Amino acid sequence: MNKVVLMLVTVFFLTAGNASAAKVTAVGGKKYEVKDQATRMFIYDTMQVWMHHSLVDYYHNKYHADSINWGEPKPEGIRIWIKQLGPSENDRIYTHLIKISLQRDELIINDKKKIKTEDTFTYAVNARLLSLCPESGKSEKEFKLINSYHKVRP
């Protein structure tokens, strides 16, 4: 049952992803915000492992945190933009830039300090390999963190 659902989501993403990529190309390679919730959540779930590692490193270093408790961000707090890279912009490993912004209303540091955060990541990715399982080790070279930005919201 889970394999069937995963296959359906993958087929949907590939179809929507191809439509999105065509749309990006049609507008000259500008950033395109992913509005479809299923596609947005698929990209978020796929890249969550890499974002988690970056977040843990950042918050442990900044706040000297022994523990960090963050719940899942609400779907409306997840925004994703995608840009197809042209031949002159990439080294043939990466096909797209993906920017992900996560808003959390409650991040708890050391079981006492509560803050609201917004974390933004920009990755260069090979979209053809986006659906690979991170634990396979095969996708590790196809994701590259380009930039990250962290801020505390009021």
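These are my notebook entries on one protein chain, looked up in a predicted model.

**Entry 1: the overall layout**

I started by listing the secondary structure, and the protein chain comes to 2 helices and 6 strands. Reading from the N terminus, I wrote the order down as α-β-α-β-β-β-β-β. Next I looked at burial: of the 154 residues in the protein chain, 39% are buried. The exposed surface of the chain is about 9,600 Å², and carbon and sulfur atoms supply 55% of that. I also checked contacts with a separation of 6 or more, and 64% of them are between residues 24 or more positions apart.

**Entry 2: helix H2**

Is H2 straight or kinked? I found a kink of about 55 degrees, centred on glutamine 48. The end-to-end span fits into the same entry: between its end C-alpha atoms H2 spans only 33 Å, while a straight helix of 27 residues would span 39 Å.

**Entry 3: the nonpolar core**

Which residues touch the most other members of the largest nonpolar core? I noted Ile43, Met47, Met51, Ile80, Ile98 and Ile100, out of 25 residues in that core. Helix H2 (37–63), strand E3 (78–84), E4 and strand E5 (113–125) each give this core at least two residues. H2 supplies the largest share, with 8 residues. A reminder to myself: in soluble globular proteins, nonpolar side chains tend to be buried together.

I then picked isoleucine 100 and listed its contacts, skipping neighbours within four places in sequence. They are Ile43, Met47, Met51, Arg79, Ile80, Asp119, Thr120 and Phe121.

**Entry 4: leucine 107**

Leucine 107 sits in strand E4 (residues 96–109). Buried or exposed? Its relative accessibility is 0%, so leucine 107 counts as buried, since the cut-off for buried is under 20%. Apart from neighbours within four places in sequence, leucine 107 is in contact with Tyr59, Ile68, Asn69, Trp70, Lys113, Lys114, Ile115 and Thr117. I also looked up one C-alpha distance: leucine 107 and glutamate 72 are 35 residues apart along the chain, and their C-alpha atoms are separated by 9.9 Å.

**Entry 5: glutamate 33**

Glutamate 33 belongs to strand E1 (residues 32–33). Which residues does glutamate 33 touch, if I leave out those up to four places away in sequence? The list is Arg79, Ile80 and Trp81. With arginine 79 there is also a polar contact between the side chains, at 3.0 Å.

**Entry 6: two positive phi angles**

Most residues other than glycine have a negative phi. That made me look for exceptions, and I wrote down two.

Histidine 64 is not a glycine, yet has a positive phi of about 50 degrees. I found histidine 64 just after H2, in the loop between H2 and strand E2 (68–70). With a relative accessible area of 63%, histidine 64 is exposed, because exposed means over 50%.

Asparagine 110 is not a glycine either, and has a positive phi of about 55 degrees. Asparagine 110 is in the loop between E4 and E5. At 25% relative accessibility, asparagine 110 counts as partly exposed, because that value falls between the cut-offs of 20% and 50%.

Methods: Residues numbered from 1 in each chain as written. Predicted model: local features only at pLDDT ≥ 70, side-chain atom pairs only at ≥ 80, totals over all residues. Heavy atoms only, no water. Helix = DSSP H or I, 4+ residues; strand = E, 2+ residues; numbered from the N terminus. Polar contact = N/O pair within 3.5 Å; in protein donor to acceptor, adjacent residues only side chain to side chain. Contact = heavy atoms within 4.5 Å. Buried < 20%, exposed > 50% of the residue type's maximum accessible area, 1.4 Å probe, protein only. Areas by Shrake-Rupley, 256 points an atom, 1.4 Å probe, with all protein chains shown as cover. Core = buried A, V, L, I, M, F, W, Y, C linked by side-chain atoms within 4.5 Å. Expected span 1.5 Å × (residues − 1). Bend = angle between axes of the 7 residues up to and from the residue.
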